[in-house]
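Me: Could you take a close look at one part of this structure and walk me through it slowly? I am new to it.

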Amino acid sequence: MQVLDSDNFVLQVSEVTTQIKSYLEPYFTNISIEGEVSGLVNHSSGHTYFSLKDSKSVLSCTFFRHNAMRCSVKLKNGDKIIARGAIKIYEPRGTYSLNVLDCVYSGIGDLKAQYDRLKQDLAKKGYFNKNKPLPKYPKKIIFLTSKTGAALQDMIRVASNRFCLCEFILIDTLVQGSEAKYAIAKNLVYADRLNADIIVLARGGGSIEDLWCFNEIEVLEAIFRANTPIVSAIGHEIDYMLSDFVADVRAATPSMAMEMILCDKEALFDELVAKEMYLESIMKNIFQKKQEVISLRAMRIEALNPIGRISLLKSTLSQMASRLDYVMQELVSNKKALINKYQLQLVSLSPIALHKKRIYECNLRLHTAYMNLIARQKMRLQNLAEILTLKMRDLLTQKKMRLEQSMKILEGINIEKRVPSGLAEILKDNKRVRVSELKSGDKIEIVDSSGSRNAYIQ
């Protein structure tokens, strides 16, 4: 310690802090303090840190794990409690806090009660019924936040990684303190006149006191009267301000607000590719159908074209001519075959041909009988050979005579030998008659070497 004069002493900071600690801590070893919980933090170590506040002051509190585990109270922001403990001075920082040993509920905190009353009143008035949809592809977005706050940087970072082909406008706004509610309400009215697609009211995390301006009626009425869709992105996920309920959309954090507003570039690209493929498929189907319609109409036009019809008629006529020629050839061929058939029938009906056929058949039968007879005679005994020879000779002689007689008969009926050339004979009932023997109405047959004809006597 240095002495400047006899009346003034210069103390080191640690010396002052030590003296304060020695004076205060013995007098506040077991005290009970009533206040509202604010800024509650449950650390991973198990310790709990919060503040007790009233309308005028705030006191930092530390609830160590071994004490908190024995306490049945589950602390929440806004709870009004009575905390029992001791005041401790933290010399490295020169700060003091209440080392809580135990606590009990004292009731609902003033801010929490005020929050609940205002929420009920706004719900009755229909302030929570706003639900204007956000445009899928906004062109102009207004940020109402502090230009130096972390919320703005978080939103810019997220927007840069997403589809952000839109205009961003920042309206630097006071978002903490007693005057913040007026600044926010004024800037909301101003932003609503800029014809933006979306207004984002944003702020980072903080205690209930820091965020209380977003529960003020001035701010809530400005949000409710706005025509532009408003996104409320205040604090962390666990923080629920009344502005979240009055706004059209609530985002858990400012970063999540940008994820809700702006499309993901990759997802949008995949969607565009899918729509392009779908549109290409539709256009191909349309072109194919139109092509079919054009082809059908072209065929109809071609069918109605006089030149085409004439060509078609010529083709049809040519086919009909070919068909007629084929039919005529078939008809002539059939007629020729029929004539040949009739000629053969006439030849077969000729008397000469008939007798020749009979002679041929007789000779055939004679030859067959002869051959059979020889075959049978060969099987006879050898001693009958001479008798068989004699009988065969007699039989051959008889047959020869009969054949000669048949030949004479044939020669007798042969018209060519019986009737001189150029003349004809008259037959009645297959008998030759004289002309003088004929009577009127008799049926006769006129025969010469060329054939025969029937006639009637008049």
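Reply: Happy to help; here is a tour of one strand and its partners.

This is a predicted model, in which local features need pLDDT of at least 70 and side-chain atom pairs count only at pLDDT 80 or more, while totals for chains, interfaces and linings use all residues. Residues are numbered from 1 along each chain as its sequence is written, and side-chain values use heavy atoms, with hydrogens and water left out.

Our part is strand 13, residues 425-428. Strands (E, at least two residues) are DSSP runs, numbered from the N terminus. In a regular strand, side chains alternate between the two faces of the sheet. Strand 13 shows such an alternation: Glu 425 and Leu 427 point to one face and are buried, where buried means under 20% relative accessible area with a 1.4 Å probe, protein chains only. Ile 426 and Lys 428 point to the other face and are not buried.

Now for the partners; two strands pair if DSSP finds at least two bridges between them. With strand 15 (residues 443-448), strand 13 pairs in the antiparallel sense over three bridges. Here Leu 427, one of the buried residues, has Glu 445 of strand 15 as its bridge partner.

Strand 14 (residues 431-432) is also an antiparallel partner of strand 13, over two bridges. In this pairing, Lys 428 stands opposite Lys 431. Strands 13 and 14 form a hairpin, with two residues between them. In that turn, Asp 429 has a positive phi of about 60°.

How values were computed:
Buried < 20%, exposed > 50% of the residue type's maximum accessible area, 1.4 Å probe, protein only. Helix = DSSP H or I, 4+ residues; strand = E, 2+ residues; numbered from the N terminus.
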